[in-house]
Amino acid sequence: MKIFLSFLATLLLLPLSLFSQTIFQQPLSPRIANYQITVRLDTEKKLLQGEETIRWRNHTANPTRELQFHLYMNAFRNRESSFLKNRHLRIRRFDVKTGQLGGVDIKQLVVDSEYDLTKKIEFIHPDDGNEQDSTVIRVPLPREVKPGESVEIQIQFETRLPEIIARTGYSGDFFLIAQWFPKLGVLEDKGWNCHQFHPNSEFFSDFGVYDVSFTLPKEYVVGATGILVSEERGDSLQTLLFHAEDVHDFALTAYPRFQKATREIEGVQVVLLYPPEHAGMVERYFIAITYALQDFGSWYLPYPYPNLTLVDPPIYGMNAGGMEYPCFITVGSVWGMPKGFKLLPEEVTVHEFGHQYFYGILANNEFEEAWLDEGFTSYATTKVLDKHFGKHTSFLTLGGILMGDFDHQKKTYMEHPKRDYIVKPSWKFELGDYGRMVYSKAMLTLMTLENYLGEDTMGKIMKTYFQRWKFKHPHTQDFIDIVNEIAPENMDWFLKPALYGTEVLDYEVYQIAYRKTKSLTKEQADSLEQPYNNSVTVLRRGEFVFPVELRVVFDNGDTLTTHWDGKERYKIFHFQRPEKLVSACVDPENKIYLDINWTNNSRTFRQNELAFQKHWLASLSLFQNFLLSLFTF
Amino acid sequence: MIAFSMKSGLQRGWQLKRILAIFWLGNLLIAALFLRPYTRSFYQFFKYRLVTDQLARQNLYTYFAEFYHYMKPAVETARLTLNLGGLLFFVLTILLSGGLVYYLLNREEVQLRTFWSQCGYFLGRMSRLVLLSVLLFLTVVLLSGIVFALIFWILPEHSPENQMFWAAVLGAVFTLFFLILYFIVLDLSKVYLVRNDSPVVPAFRHALRLFGKQFGKLLVTYALFYLLSAALFGFSFWLHSQVPGNSGWQIAVGFALTQIFLVLQFWFKFARIGALVVYTQNAE
């Protein structure tokens with residue numbers, strides 16, 4: 001009861017505007033898990049002290065007698081947690097040795113304002129049975145929550161922020177506060193879906209409304225998921241109230257040196273928070289986000305939220321860059337970044353914004369099917385960047401080297417294409433295969449699918465996917481079903497091996513030849529109308545079967561295009577013609593992004609010697625200069 | 001004195017056209033020879049492929065990525081060969097040093113027979129000087145490391161990156177400063193070694209003595225020479241960027257520009273040592 005009264009008092013202290021604020025007249029989502037959080041940041045101790053009230057509704061067909069929560073921050077509590085223990089897996093920008101560990105403690109947990117269940121909290125380890133991991137808890141309920149019924153949970157918690165790790169924590173006076181509060185898992189018909197926090201895995205939760213009251217020293221500039229409803233400034237502290245609807249997470253940032261740039265783009269208020277030394281990057285961010293808002297809006301659906309916050313961390317907080325939360329993304333750049341280098345800030349801005357759609361709106365389970373957010377986002381990012389910056393120049397144009405956004409994905413995939421497959425729980429990937437499969441191969445798969453079906457059909461598929469699954473939790477099969485519904489043919493033959501298989505796709509023009517018909521004399525052959533028997537041997541080098549287009553060119557300039565279902569190991573094409581064959585090329589437009597070797601797609605009798613001369617002389621000049629640098633004696 | 005030594009060094013360096021040609025040809029031949037396994041792999045991978053049409057116009061990363069991936073064993077072998085070429089050129093510069101310094105000291109017409117005999121005569125001592133220079137170089141590395149550590153120790157933690165950038169630039173300037181000192185001492189040692197026909201250690205001692213006496217002038221002279229080289233590098237880079245290299249003649253022009261640049265850089269190196277000769281003569 002004491003707890004209840006304290007929460008009641010806290011809530012009464014909140015301004016009325018907090019509760020009267022409404023963004024959407026009609027809810028966009030089912031609003032299953034709704035959070036009211038009051039939190040205070042101690043910037044010296046790097047400590048968050050908070051209280052949250054969660055109103056949760058059982059939307060499944062089955063009753064439940066327990067609740068499950070994520071305590072993500074406990075991944076950094078000890079070195080034996082599943083997250084830190086598996087640090088040999090590829091963890092982005094993280095150093096356990098120097099990183100200060102963090103954690104979250106639940107001080108009190110009360111259900112329905114009267115049942116103190118703090119002592120009944122039990123740590124569970126559904127994924128790996130690691131007893132040292134404390135990222136998931138189970139709380140038995142005093143009563144059964146039937147389908148359609150709600151329950152209210154009040155939690156007092158304390159979160160120790162780590163030095164930035166997994167894009168959360170602090171560095172100096174910069175704070176990126178994410179995965180910071182006890183958060184409900186997702187109840188499905190088959191039970192609770194609440195996975196432990198692993199190095200590769202991200203998150204999964206239900207949609208809801210968030211009201212967050214955030215107190216911290218007043219010199220800090222703050223950004224957050226949601227709109228700022230009100231602010232109170234005292235002598236040394238400030239309290240900011242944020243409100244967000246139809247989102248499934250809430251992140252905050254605070255930094256005293258942040259500059260703020262605000263623009264209205266496509267009806268969305270875009271706020272960019274950046275350190276003063278990144279002022280030169282501001283236009284680049286806004287250009288990138290404008291392209292993204294326009295393209296995603298026209299391809300999928302207009303960005304539904306009124307606001308979007310972009311956080312560009314200072315250099316020492318850069319480990320927090322490149323992450324997505326609802327209406328809130330962290331990007332990144334460095335002072336003096338050349339314009340030809342588009343990984344920072346353009347690529348990362350478009351990519352993280354893309355997650356507002358693939359994760360934000362289509363809230364797939366990132367633990368179990370990470371490709372649905374990372375793969376789709378990578379695919380859409382490539383499309384946006386290629387459209388505005390050029391296919392071969394959308395990533396890098398420096399020192400005479402041209403690199404498209406898809407290039408680095410293709411290179412990553414090409415290195416070990418057979419080692420794993422795409423649709424797999426994220427924590428089960430080894431080595432660098434998570435990125436290789438979930439980002440790279442998935443992106444190449446979707447681009448190949450689009451090029452095969454055509455942009456219009458793919459556009460219809462994507463729009464339908466969004467219309468049907470927005471503000472829900474789609475699965476891989478849901479996407480496949482829509483593809484098969486809209487495409488002119490059932491695409492399982494492509495999607496199943498691409499998503500669930502390790503087969504490699506590689507077609508090669510193995511040989512080209514021409515000869516005159518043997519049994520004739522030269523005079524007889526010359527008098528024939530079609531004396532040349534031209535042949536092209538196309539080889540399927542991989543196990544992945546894919547129909548290919550073959551384009552042949554003859555010495556009079558004639559071009560002929562034919563198709564092959566690609567099923568046999570090889571096929572010899574014969575062309576009886578008056579002209580000699582000059583060249584042949586499978587997939588001449590490079591539409592098959594999954595093809596791991598584009599160079600072997602063609603053969604010609606007229607190779608371009610200039611390419612060799614150019615490369616030879618460039619290499620020679622470079623090597624001569626290298627030798628000159630050795631003339632140190 | 002500074003201007004005079006530089007002028008004299010440049011003049012004398014230019015007079016040694018035959019030796020200049022040997023250095024340049026050595027550079028070109030070693031590069032061409034040791035590059036062959038790499039270019040052969042490149043040719044093998046792309047021969048009779050249509051992508052050469054695209055590569056003739058643009059350096060598309062995607063095809064280079066495929067080349068380096070699918071020809072990895074050949075490229076690894078080629079890299080080893082390139083390293084061997086580098087080592088050979090380094091040895092060649094040690095070999096040629098004796099003859100070069102001899103003709104910078106003696107203002108006579110270059111006779112190749114004499115040049116080679118001087119190269120051979122001083123080879124042993126020049127090689128020993130290389131060993132000594134390694135110690136000297138390690139000192140430079142150590143000093144630079146200390147300076148960098150000091151700068152970043154003084155810089156407040158969590159400084160913005162523009163401040164960190166300029167701090168790094170400051171560290172780099174100190175490193176360059178130490179490197180210039182290193183080259184002055186090393187080149188002076190070579191001059192004394194040939195001039196006095198002395199063993200390595202006395203020559204090194206002489207070099208340090210003159211270095212101590214004429215520190216400022218020597219430093220300015222070398223710094224000006226390096227600035228000249230840097231300016232030439234910048235100009236050459238800009239000139240190259242003006243030649244896109246999309247046709248045979250453009251490629252040829254680009255290559256010719258590189259060769260001119262290399263010859264000029266060799267000349268400046270000769271001129272630097274030539275300027276030191278003036279200082280050593282003046283010190284008597």
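Which element gives the most to the lining of the largest pocket? In this predicted model, that element is α13(A), which contributes 11 residues.

**The largest pocket**

The largest pocket has a volume of about 1,600 Å³. Its lining is made up of 46 residues, and those closest to the pocket centre are Gly399(A), Ala618(A), Ser619(A), Leu622(A) and Asn59(B). Two or more lining residues come from each of several elements, which in chain A are β25 (401-403) and α13 (609-629), and in chain B are α2 (17-46), α3 (51-57), α4 (61-70), α5, α9 (215-241) and α10 (248-282). Sorted by class, the lining of the largest pocket holds 26 nonpolar, 16 polar and four charged residues.

**The second largest cavity**

Apart from open pockets, the structure holds two cavities of 30 Å³ or more, and the second largest cavity contains about 30 Å³ of space. Chain A supplies Phe631(A) and Phe633(A) to the lining of this second largest cavity, while chain B supplies Phe23(B), Thr93(B), Ser97(B), Leu100(B), Val101(B), Lys190(B) and Ile273(B). With four residues, helix α5 (residues 72-105) of chain B gives the most to that lining, and by class the lining of the second largest cavity has six nonpolar residues, two polar residues and one charged residue.

**Chain A as a whole**

Chain A contains 13 helices and 32 strands, and its C-alpha atoms fill a box of roughly 110 × 70 × 45 Å along the principal axes. Of its 633 residues, 61% count as buried. When contacts in chain A between residues at least 6 apart in sequence are considered, 72% of them join residues at least 24 apart.

**Strand pairing in chain A**

Strand β14 (residues 208-217) of chain A is mostly covered, with 10 of its 10 residues buried. β14(A) pairs in the parallel sense with strand β1 (residues 33-42) of chain A through six bridges, and it pairs in the antiparallel sense with strand β17 (residues 237-247) of chain A over 10 bridges.

Elsewhere in chain A, an open sheet of four strands follows the order β6-β7-β3-β11 with antiparallel pairing. The strands β6 (122-123) and β11 (183-184) of chain A stand at the edges of this sheet and each has a single partner strand, so one side of each is left without a neighbour in the sheet. Within the sheet, strand β3 (residues 64-70) and strand β7 (residues 136-145) of chain A run antiparallel and are joined by six bridges. The table lists one pair of bridge partners for each of these strand pairings.

| Residue | Bridge partner | Strand of the partner |
|---|---|---|
| Gln36(A) | Asp211(A) | β14(A) |
| Leu216(A) | Gln238(A) | β17(A) |
| Leu67(A) | Val139(A) | β7(A) |

**Helix α6 of chain A**

Helix α6 (residues 371-389) of chain A has 19 residues, which at 1.5 Å a residue should span 27 Å, and this agrees with the 25 Å that separates its end C-alpha atoms. α6(A) is also mostly covered, since 17 of its 19 residues are buried. Just after α6(A), Gly390(A) takes a positive phi of about 95°.

Technical notes: Residues numbered from 1 in each chain as written. Chains lettered and ligands numbered in written order. Predicted model: local features only at pLDDT ≥ 70, side-chain atom pairs only at ≥ 80, totals over all residues. Heavy atoms only, no water. 1 Å grid on protein atoms, 1.4 Å probe; cavity = no way out; pocket = protein on both sides within 12 Å on 5 of 7 lines; lining within 4 Å. Points joined across faces, edges and corners; volume = space filled by probe spheres on them. Nonpolar A, V, L, I, M, F, W, Y, C, P; charged D, E, K, R; others polar. Expected span 1.5 Å × (residues − 1). Buried < 20%, exposed > 50% of the residue type's maximum accessible area, 1.4 Å probe, protein only. Pairing = 2+ DSSP bridges. Contact = heavy atoms within 4.5 Å.
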